[in-house]
Amino acid sequence: MRYFYTLGLLMFSALCLAEPGQTSGPLSHRVAGHGLGQIEGVRIWPAPDNTRIVFDLNSPLSYRMSTLADPKRIELDLSNVGFTNLLPIFNAKKSYMTRLTSTPTIKGMLVTIELKDGVQAKSFVLTPNQEYGHRLVVDLFPDKLPVAQADKALPARAPLKSTAAAPSRDIVIAIDAGHGGEDPGARGHKGTVEKDVVLAIARKLEALVKQEKGMRPVMIRDGDYFVSLRKRIEKARAQKADLFISIHADAFYKPEAHGSSVFTLSQSGATNEASRWLASRENASDLVGGVSLDDKDELLASVLLDLSQTATIEASIDVGSSVLDALKSIGKVHKPRIEQAGFVVLKSPDIPSILVETAFISNPSEEKKLRDGRHQQNLANAVMKGVRAYFAKRLPAGIVLAQQGVSSREHVVGRGETLSSIAKRYQLSPASLRSANATLADRLPRTGDVLDIP
């Protein structure tokens, strides 16, 4: 009888195909010391460079993972867990696995995940947070160098060169939609999820950058999947990005908090209580951040990092100010100036980086706006306006950019620039600059003016 009972259970296990992130129904299991528990769902999040499988639990779980060959697979030996056939459905073409099955064992159940060629796995458990309970997480990803070697192998970002002989290329804008997949971010009172609205805004910004001559967008996340904070920096550097823009939707325990904000990196921490709380919330989704300088002594590492980041932070403040000015034209801002906090995604030492909190999703009025496609487009337009103004002002004289719409002999007047400072930049006299521009015949330069440089 025991043989036929086991055989009957085996016949119920099945493999199905379907969509990312789909959740299975409750799975019964028994955990030692906790009585009857439940696996409340199993979710699969396929991303371009990994697949994450999450078992949602209502109590701690004991397990052991083994790697086997022919076919290459991993086995999860789950202790004190009853048999179930309620496995999630998934799309094998978009995943790093080909087969997912479960079978009963004497002590519990065995989950088998067959892997595609060149794929490895790691697993870990997570304790409850504000969004989820206990979880068992399995990450599948391509074989690659160990993390320490991979960091050293990252290509250095090629800086813009001001020589006339420089090869033409586009300015690369890395667009980072915050959160994603297992990490939903903040939620509004009407159920709006941060990861969804910021991805919509990021895609609209991507479309605008594509239309801009001389610029090329790179999406750090282009779907509903998780990307670690450190990985976001690595992706931007691998693409030799000239600017990194991370898009978020703010949240605070007081629903009346409102307005857009722009953050740049502050090594001394946050500038006020709200930004300190935000920095802690964003960084909680990753274990470490910043730049690895393990092979340097403490003093040298500090000096190198300080030298590298000083110029980058100055450039970040410059572009952030341009974006904040543009955001002021479409609505209220939370603070009239750039704020600074220790967000991990802003810690690239050689890429100017800003984090844009588009609105407070915890504010019912702003949550409604964030759901509106027209407002999303207005936000993207404002960010693009600020980016355009920054590169028009910061572009070194004589640089040749592929299909650049603004000539290297034109200058867009930035905030705070004067006739004398512009003339000095191009080694001209104020009189010759004025004579070359009819608009300056009877007035001083204004922010946004496009001047001909003789």
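This report walks through the cores, a central strand, some helices and a few unusual backbone spots of one protein model.

The model is predicted: local features need pLDDT of at least 70, side-chain atom pairs count only at pLDDT 80 or more, and totals for chains, interfaces and linings use all residues. Residues are numbered from 1 along each chain as its sequence is written, and side-chain values use heavy atoms, with hydrogens and water left out.

**The cores**

Let's start inside. In soluble globular proteins, nonpolar side chains tend to be buried together. Here, buried means under 20% relative accessible area, exposed means over 50%, and partly exposed lies in between (1.4 Å probe, protein chains only). A nonpolar core is a set of buried Ala, Val, Leu, Ile, Met, Phe, Trp, Tyr and Cys residues joined through side-chain atoms within 4.5 Å.

Which residues have the most contacts inside the largest nonpolar core? They are Ile-173, Leu-205, Ile-245 and Val-387, in a core of 42 residues. Strands S10 (171-177), S11 (215-219), S12 (243-250) and S15 (353-360), together with helices H3 (194-211), H6 (298-328) and H8, each supply at least two residues of this core. Helices (H or I, at least four residues) and strands (E, at least two) are DSSP runs, numbered from the N terminus. A second, separate core has 24 residues, including Ile-74 and Tyr-96.

Ile-173 shows how the big core is knitted together. Contact means heavy atoms within 4.5 Å. Leaving aside neighbours within four places in sequence, the contacts of Ile-173 include Val-209, Met-215, Ile-245, Val-387 and Phe-391.

**Strand S12**

Eight of the eight residues of S12 are buried, so this strand is largely enclosed by the rest of the structure. On one side sit Leu-243, Ile-245, Ile-247 and Ala-249, on the other Phe-244, Ser-246, His-248 and Asp-250.

S12 also has strand partners; two strands pair if DSSP finds at least two bridges between them. S10 and S12 pair in the parallel sense over five bridges, and S12 and S15 do so over six. Ile-245 takes part in both pairings: Ile-175 is a bridge partner of Ile-245, and so is Ile-354 in S15.

**Helices**

How do H7 (residues 364-371) and H8 (residues 373-394) pack? Their axes are 5 Å apart, at an angle of about 85°, which makes H7 roughly perpendicular to H8 (a term for angles of 65 to 115 degrees). Lys-369, Leu-370 and Arg-371 in H7 meet Gly-373, His-375, Gln-376 and Leu-379 in H8.

Helix H4 (229-238) is mostly covered, with eight of its ten residues buried. Charged-looking names appear in that buried list too, among them Arg-230, Glu-234 and Lys-235.

**Backbone details**

Three places in loops deserve a look.

| Residue | Backbone feature | Loop |
|---|---|---|
| Pro-71 | cis peptide bond with Asp-70, omega about -5° | between S4 (63-68) and S5 (73-79) |
| His-179 | positive phi of about 60° | between S10 and H3 |
| Lys-240 | positive phi of about 55° | between H4 and S12 |

Neither His-179 nor Lys-240 is a glycine. Is each of these two buried or partly exposed? His-179 counts as buried because its relative accessibility is 6%, whereas Lys-240, at 33%, counts as partly exposed.

How values were computed:
Axes fitted to C-alpha atoms, helices over the stretch in contact; angles between N-to-C directions. Parallel < 35°, antiparallel > 145°, perpendicular 65-115°, else oblique.
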